[in-house]
Amino acid sequence: QVQLVESGGGLVQTGGSLRLSCAASGSIFSISAMGWYRQTPENQRVLVAHITSGDRTNYSDSVKGRFTISRDNAKNTVYLQMNSLKLEDTAVYYCAAAVTTRGGGKGDYWGQGTQVTVSS
């Protein structure tokens with residue numbers, strides 16, 4: 001089994017910063033891509049940022065220049081540094097990882113979500 005646990009969410013004022021972390025644990029052989037998503041008011045989960053095992057990144061247009069995704073492969077952890085936060089960044093943020101387990105299985109795993117609230 002594989003678990004992803006997020007942390008770092010909270011309440012922040014517009015223009016402020018937060019850093020989210022997501023640690024993967026369990027029967028992990030390797031992790032290829034990792035990413036952060038957020039839930040829209042329409043209940044859709046949309047990509048915020050994505051990072052490959054080779055540290056290639058991509059971002060949604062709405063967060064480019066403000067958010068930075070990074071990962072620590074030794075810790076199976078992905079981070080999201082969020083700067084210059086806006087009201088519209090308020091959402092539940094989820095991390096995801098594409099995992100190959102020690103048993104050879106492959107699948108996408110999700111964290112439980114962490115709330116980010118930006119206030120004026």
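Away from its neighbours within four places in sequence, Ser-60 is in contact with two residues, Leu-47 and Val-48. In this predicted model, Ser-60 sits in the loop that links strand E6 (57-59) to strand E7 (67-72). Being in a loop doesn't put Ser-60 out in the open: its relative accessible area is 18%, so it counts as buried, the cut-off being under 20%.

Zooming out, the chain turns out to have zero helices and 11 strands. Read from start to end, then, the pattern is simply β-β-β-β-β-β-β-β-β-β-β. As for overall size, a compact globule of 120 residues would have a radius of gyration near 14 Å, and the chain agrees, with 14 Å. Taken along the principal axes, the box filled by the C-alpha atoms comes to roughly 50 × 25 × 25 Å. Contacts that reach far along the sequence make up a good part of the picture: of those between residues at least 6 apart, 55% join residues at least 24 apart.

The surface and the charges can be put briefly. The chain exposes about 6,300 Å², and carbon and sulfur atoms account for 47% of that. Buried residues make up 41% of the 120 in the chain. There are 11 positive and 8 negative charges, and the mean positions of the two sets lie 6 Å apart.

What about the inside? The largest nonpolar core has 29 residues, and the ones that touch the most other members are Trp-36, Leu-80, Met-82 and Tyr-93. Many strands chip in: two or more residues come from each of strand E1 (2-7), strand E3 (18-26), strand E4 (28-39), strand E5 (45-51), E7, strand E8 (77-82), strand E9 (91-101) and strand E11 (114-119). The biggest giver is E9, with five residues.

Leu-80, one of those well-connected core members, belongs to strand E8. Its relative accessible area is 0%, so Leu-80 is buried. Setting aside residues up to four places away in sequence, Leu-80 touches Leu-18, Arg-19, Leu-20, Trp-36, Val-48, Ala-49, Phe-67, Thr-68, Ile-69 and Tyr-93. Two of these, Trp-36 and Tyr-93, also appear with Leu-80 among the core residues that touch the most other members. Val-48 is worth a second look too, since Ser-60 is in contact with it and Leu-80 touches it as well. Gly-35 is 45 residues away from Leu-80 along the chain, yet the two C-alpha atoms are separated by 9.0 Å.

Strand E9 holds Ala-96, which at 9% relative accessibility counts as buried. Residues touched by Ala-96, not counting those up to four places away in sequence, are Leu-4, Ala-33, Met-34, Gly-35, Tyr-37, Tyr-109 and Trp-110. Gly-9 sits 87 residues from Ala-96 in sequence, and the C-alpha to C-alpha distance between them is 16 Å.

Val-46, in strand E5, gives another kind of case. With 30% relative accessibility, Val-46 counts as partly exposed. Beyond its neighbours within four places in sequence, Val-46 is in contact with Trp-36, Tyr-37, Arg-38 and Thr-40. Trp-36 thus turns up once more, because contact means heavy atoms within 4.5 Å and Val-46 meets that cut-off with it. The C-alpha atoms of Val-46 and Trp-36 are 8.6 Å apart, with their positions 10 residues apart along the chain.

The loops have their own points of interest. Asp-55, found in the loop between E5 and E6, has a phi near 65 degrees, which is positive even though the residue is not a glycine. Its relative accessible area is 47%, so Asp-55 is partly exposed. Asn-76 does something along those lines in the loop between E7 and E8, with a positive phi of about 50 degrees, and it isn't a glycine either. At a relative accessible area of 23%, Asn-76 is likewise partly exposed.

Finally, Gly-104 lies in the loop between E9 and strand E10 (106-110). Gly-104 is exposed, having a relative accessible area of 52%, where the cut-off is over 50%. Thr-117 is 13 residues from Gly-104 in sequence, but their C-alpha atoms are 38 Å apart in space.

Key: Residues numbered from 1 in each chain as written. Predicted model: local features only at pLDDT ≥ 70, side-chain atom pairs only at ≥ 80, totals over all residues. Heavy atoms only, no water. Helix = DSSP H or I, 4+ residues; strand = E, 2+ residues; numbered from the N terminus. Buried < 20%, exposed > 50% of the residue type's maximum accessible area, 1.4 Å probe, protein only. Rg over C-alpha atoms; globule rule 2.2 N^0.38 Å. Areas by Shrake-Rupley, 256 points an atom, 1.4 Å probe, with all protein chains shown as cover. Lys, Arg positive; Asp, Glu negative; His and termini not counted. Charge placed at Lys NZ, Arg CZ, Asp CG, Glu CD. Core = buried A, V, L, I, M, F, W, Y, C linked by side-chain atoms within 4.5 Å.
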